[in-house]
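Subject: Structure handover

Hello,

Here is the structure I said I would pass on. My notes on helix packing, one sheet and one annotated region follow it.

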Amino acid sequence: MNLDDYRNHSPYSAPGRHGGLLDAVATDIPTVAATVRNVIVHYRAGGVELPDDRLEEVNHRWVDRILDTDQSRFPLPLTSGRPAAERVAGCCRDHTLLSVAILRQHGIPSRSRVGFASYFTPGWHHDHVLVEYWNGHRWVWADPELDPAGDWRFDGYDIDPGAGLFDSAARVWSAYRAGATDPDVYGVAPDLPVHGAWFIYNYVLHELAHRQKDELLLWDSFGAMTDDLADADLTLADEIAALLLQADDGDEAAEKALADRYATDSRLRPGARVRSFSPVSGTVSTVELRVSRR
């Protein structure tokens with residue numbers, strides 16, 4: 001992947017018939033983030049009680065389907081106010097994907113980054129997804145889910161990669177393998193059993209997929225993923241994590257190696273379908289994916 005690859009939509013970020021809605025949104029990050037929060041409410045942490053029949057909206061996965069649902073309720077510009085309880089149910093991945101879609105619609109290189117955030121719960125690292133966009137000089141991390149009116153004590157739209165506020169899955173995996181961090185404080189939430197080394201391992205594969213513009217749901221499973229570390233290919237994860245970190249440091253050879261391995265190693269990519277574990281119904285389904293035009 002090169003810079004220009006990230007200017008173009010993936011099958012996930014493509015708005016379909018809703019392109020005009022994205023055209024109308026200004027591209028400064030505060031506006032993009034406010035617009036996305038106006039369309040999507042977090043299904044668990046949005047501060048509203050959503051009816052059960054709305055929660056499955058978290059599985060929409062494609063931007064055009066998210067916008068179909070939004071426009072069925074509010075056939076209005078995306079910046080026109082929507083009551084929080086009537087916004088589309090989603091999560092951090094959806095806030096990020098819609099932000100990426102807006103930016104790509106305007107030709108701004110952008111991608112989603114999968115990792116763990118430490119700024120929601122003291123002592124816990126929640127699985128999280130950020131926007132990474134090219135500002136003309138450098139890649140910038142931004143969290144569109146954060147309202148700047150909150151008391152965050154840092155700039156949520158220009159997060160310092162060295163501040164420990166958000167760490168990529170690759171960095172966390174490498175730290176775990178070096179014995180430098182406790183894997184059991186990385187996961188969905190402290191009160192849920194979805195955490196630990198196996199979870200970080202799977203997120204390394206998610207990080208690679210998102211970097212290659214397969215912006216999967218966080219509960220999609222494919223390839224070498226596992227729920228038991230005893231079945232994990234640790235060497236594979238070590239190699240991919242190392243390449244991801246090198247690519248983040250600007251190593252073009254590592255970036256090319258990631259793309260080559262993703263294209264040729266079926267353990268690293270979803271292929272034509274994934275198994276998806278719904279976080280709201282607990283059901284497992286096989287989902288056919290749209291063919292990538294990369």
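Helix α8 crosses helix α9 in a left-handed sense. This is a predicted model, and that applies to everything below. α8 covers residues 234–248 and α9 covers residues 252–264; their axes lie 8 Å apart, at an angle of about 140°. Angles over 145 degrees would count as roughly antiparallel, so α8 and α9 are classed as oblique to each other. On the α8 side the contact involves Leu236, Glu239, Ile240, Leu243, Leu244, Gln246 and Ala247, and on the α9 side Ala254, Glu255, Ala257, Leu258 and Arg261. By class, the residues of this contact are eight nonpolar, one polar and three charged.

α9 also packs against helix α7, which spans residues 197–211; the two axes come within 11 Å and cross at roughly 100°. α7 and α9 are therefore roughly perpendicular to each other. Here α7 contributes Leu208, Ala209 and Arg211, while α9 contributes Glu255, Leu258 and Tyr262. Four of the residues in the contact of α7 with α9 are nonpolar, none is polar and two are charged. Glu255 and Leu258 of α9 thus appear in the contact with α8 and in the contact with α7.

A further helix pair is α4 (residues 63–73) and α5 (residues 92–105), with axes 10 Å apart and an angle of about 100°. That angle makes α4 roughly perpendicular to α5. Val63, Ile66 and Leu67 of α4 meet Asp94, Leu97, Leu98 and Ala101 of α5. The contact of α4 with α5 has six nonpolar residues, no polar ones and one charged.

Now the sheet. It is open and has three strands, in the order β8-β9-β10, with antiparallel pairing. β8 (220–221) and β10 (284–288) are the edge strands; each has a single partner, so one side of each has no neighbour in the sheet. β9 takes in residues 273–277 and is joined to β10 by five bridges.

Which residues of β10 stand opposite arginine 275 and phenylalanine 277? Arginine 275 faces threonine 286, and phenylalanine 277 has valine 284 as its bridge partner. β9 and β10 form a hairpin, with six residues between the two strands. Glycine 282, in the turn, has a positive phi of about 75°.

Last, the annotation. An unreviewed UniProt entry lists residues 82–144 as "domain: Transglutaminase-like". In the model, that stretch is 22% helix and 40% strand. The C-alpha atoms at its two ends are 17 Å apart.

If you want somewhere to start, look at α9, with α8 and α7 packed against it, and then at the hairpin of β9 and β10.

Regards

Notes. Residues are numbered from 1 along each chain as its sequence is written. This is a predicted model: local features need pLDDT of at least 70, side-chain atom pairs count only at pLDDT 80 or more; totals for chains, interfaces and linings use all residues. Side-chain values use heavy atoms; hydrogens and water are left out. UniProt positions are given in the numbering used here, feature names are shortened, and annotations may be inferred rather than shown by experiment. Helices (H or I, at least four residues) and strands (E, at least two) are DSSP runs, numbered from the N terminus. Two strands pair if DSSP finds at least two bridges between them. Axes are lines fitted to C-alpha atoms, for helices over the stretch in contact, and angles run from 0 to 180 degrees between N-to-C directions. Angles under 35 degrees count as roughly parallel, over 145 as roughly antiparallel, 65 to 115 as roughly perpendicular and the rest as oblique. A crossing is left-handed if the near helix is turned anticlockwise from the far one by less than a right angle, and right-handed if clockwise. Contact means heavy atoms within 4.5 Å. Ala, Val, Leu, Ile, Met, Phe, Trp, Tyr, Cys and Pro count as nonpolar, Asp, Glu, Lys and Arg as charged, and the others, Gly among them, as polar.
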